[in-house]
Structures are given as structure tokens and as C-alpha cells.
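Here is a quick tour of one protein chain, written for someone who likes to have the coordinates open while reading. Take a look at the fold before going on.

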Amino acid sequence: MFLIFLFVQGSILAQNVTTIAGPNSGINDALVVDSVGNIYGSDFGVSSTGGSSVYKIDTAGVVTTFSTGYSSCNGLAFDHQGSLYIVDFTSANQNHQVYKLDQTGEKTAYGPKIPGASGIIFDPLSDTLYVSQYTASSN
């Protein structure tokens, strides 16, 4: 079960926790917030959905499917222009691709294929996108 919680620091000894999307939301992996407070989350290729998708939770708490057609969404990040970057960790065709979804909804492959691409962050100070890479341990 994967739940999304909102943590609001109230004091050093206590925090308020609010559930904003439950186990039926489809979200079980990456999370990111846009510039107006919408939360985006991904699923990591849940078999019942036939693939992996990105979901949007608007500021009213309504969950909608935002983007589909991935195998294993495993990272999300926004740049300063509002484009969403999505890591597709792996797929049957060995995609291993980072995608850029611009504000018009156009999805394009971004950069080279990165086997095991996993986490992703955008640094607005240097205008740099960082992608982590997972490799299985040989132990």
C-alpha cells in the first residue's frame, strides 16, 4: 500500500499528517510539486494498469491521469519553465529514457538513453538536470 502524506511542521515535538491521495490513486513512486502547488506522482508500472503513468493531484485534491505510455516511471522533476521531466526506468524495448513533457503536452525524448535511469532533480540555479543511475549489486 502506498499513501501520500502531507507533512506540516507544527513544532519540534509534533507534526500534522494529512492523507491527500490513498492507495487507489495509482501513485506508488515519484512525487514532485509544480509552481502553483499541484502534486504530480507516478506509478512504477503496475500490471493492472498496463504500464506506468503520471498523475496530477490539483490543489483541491482531485487526482487525474496526466500522462501515459511509460513502462516504469521512476523520477519526476520540473524545470523553471514548467516542463516536466519523466524518467522511464526500463521497458521491454530497453527504452531507459528521460522524457520532457512541455507545457503544451508535447512529449519528447530528452538526452541520451541511460540504462537504469532512476531519480531526477532540476537545479534552477545552474539550469542543470541531474539523473541518477541504478545498477544492480554484484554481491
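What follows goes from the overall layout to the cores, the main pocket and a handful of individual residues.

## Overall layout

First, a caveat: this is a predicted model. The protein chain has 12 strands and 0 helices, so reading the elements from the N terminus just gives β-β-β-β-β-β-β-β-β-β-β-β.

Of the 139 residues in the protein chain, 35% are buried. As for how far along the sequence the contacts reach, take those between residues at least 6 apart: 27% of them join residues at least 24 apart.

## Two nonpolar cores

Which residues make up the largest nonpolar core? There are 12 in all: A30, V32, Y40, V54, Y70, C73, L76, F78, L84, I86, Y99 and L101. Strands β7 (73–78), β8 (84–88) and β9 (97–101) each supply at least two of them, and β7 has the largest share, with 3 residues.

L84 is a handy place to start looking around in this core. Setting aside residues up to four places away in sequence, L84 touches V32, Y40, V54, F66, L76, A77, F78, Y99, K100 and L101. There is also a second, separate core of 7 residues, with Y85, V87, V98 and F122 among them.

## The largest pocket

The largest pocket holds about 230 Å³ of space. It is lined by 15 residues, and those closest to its centre are D34, Y40, F78, G82 and Q103. Two of these names, Y40 and F78, also appear in the largest nonpolar core.

What is the lining made of, by class? It has 6 nonpolar, 5 polar and 4 charged residues.

## Two buried serines

S67 is found in strand β6 (residues 63–70). Is S67 buried or exposed? Its relative accessibility is 9%, so S67 counts as buried. The side chain of S67 makes a polar contact of 2.8 Å with that of Y70, and Y70 is itself part of the largest nonpolar core. Beyond its neighbours up to four places away in sequence, S67 touches S53, V54 and L101.

S118 is found in strand β11 (residues 117–123). Its relative accessible area is 17%, and because the cut-off for buried is under 20%, S118 is buried too. Which side chain does S118 join in a polar contact? That would be N74, at 2.8 Å. Leaving out residues up to four places away in sequence, S118 touches N74, G75, V87, F89, V131, S132 and Y134. One of these, V87, belongs to the second core.

## Just before β11

G116 lies in the loop between β10 (107–110) and β11. Despite the loop setting, G116 counts as buried, at 8% relative accessibility. Apart from neighbours within four places in sequence, G116 is in contact with F89, H96, S132, Q133 and Y134. F89, S132 and Y134 are also touched by S118.

G116 and Q97 sit 19 residues apart in sequence, with their C-alpha atoms 9.2 Å apart in space.

## From β11 into β12

D127 lies in the loop between β11 and β12 (128–133). What stands out about the backbone of D127 is its phi: the value is near 55°, which is positive in a residue other than glycine. Most residues other than glycine have a negative phi. With a relative accessibility of 48%, D127 counts as partly exposed.

T128 lies in strand β12. T128 is partly exposed as well, with a relative accessible area of 25%. Its side chain and that of S126 are joined by a polar contact of 2.8 Å. Not counting residues up to four places away in sequence, T128 touches I121, F122 and D123, and F122 is one of the residues in the second core.

How far apart are the C-alpha atoms of T128 and D79? They are separated by 8.8 Å, with the two residues 49 apart along the chain.

Note on methods
Residues are numbered from 1 along each chain as its sequence is written. This is a predicted model: local features need pLDDT of at least 70, side-chain atom pairs count only at pLDDT 80 or more; totals for chains, interfaces and linings use all residues. Side-chain values use heavy atoms; hydrogens and water are left out. Helices (H or I, at least four residues) and strands (E, at least two) are DSSP runs, numbered from the N terminus. Buried means under 20% relative accessible area, exposed over 50%, partly exposed in between (1.4 Å probe, protein chains only). A polar contact is a pair of N or O atoms within 3.5 Å; within protein, one must be able to donate a hydrogen and the other to accept it, and residues adjacent in sequence count only if both atoms are side-chain atoms. Contact means heavy atoms within 4.5 Å. A nonpolar core is a set of buried Ala, Val, Leu, Ile, Met, Phe, Trp, Tyr and Cys residues joined through side-chain atoms within 4.5 Å. On a 1 Å grid over the protein atoms alone, a cavity is a set of points where a 1.4 Å probe fits but cannot get out, and a pocket is an open set with protein on both sides within 12 Å along at least five of seven lines; lining residues have an atom within 4 Å of a point. Grid points are joined across faces, edges and corners, and a volume is the space filled by probe spheres set on the points. Ala, Val, Leu, Ile, Met, Phe, Trp, Tyr, Cys and Pro count as nonpolar, Asp, Glu, Lys and Arg as charged, and the others, Gly among them, as polar.
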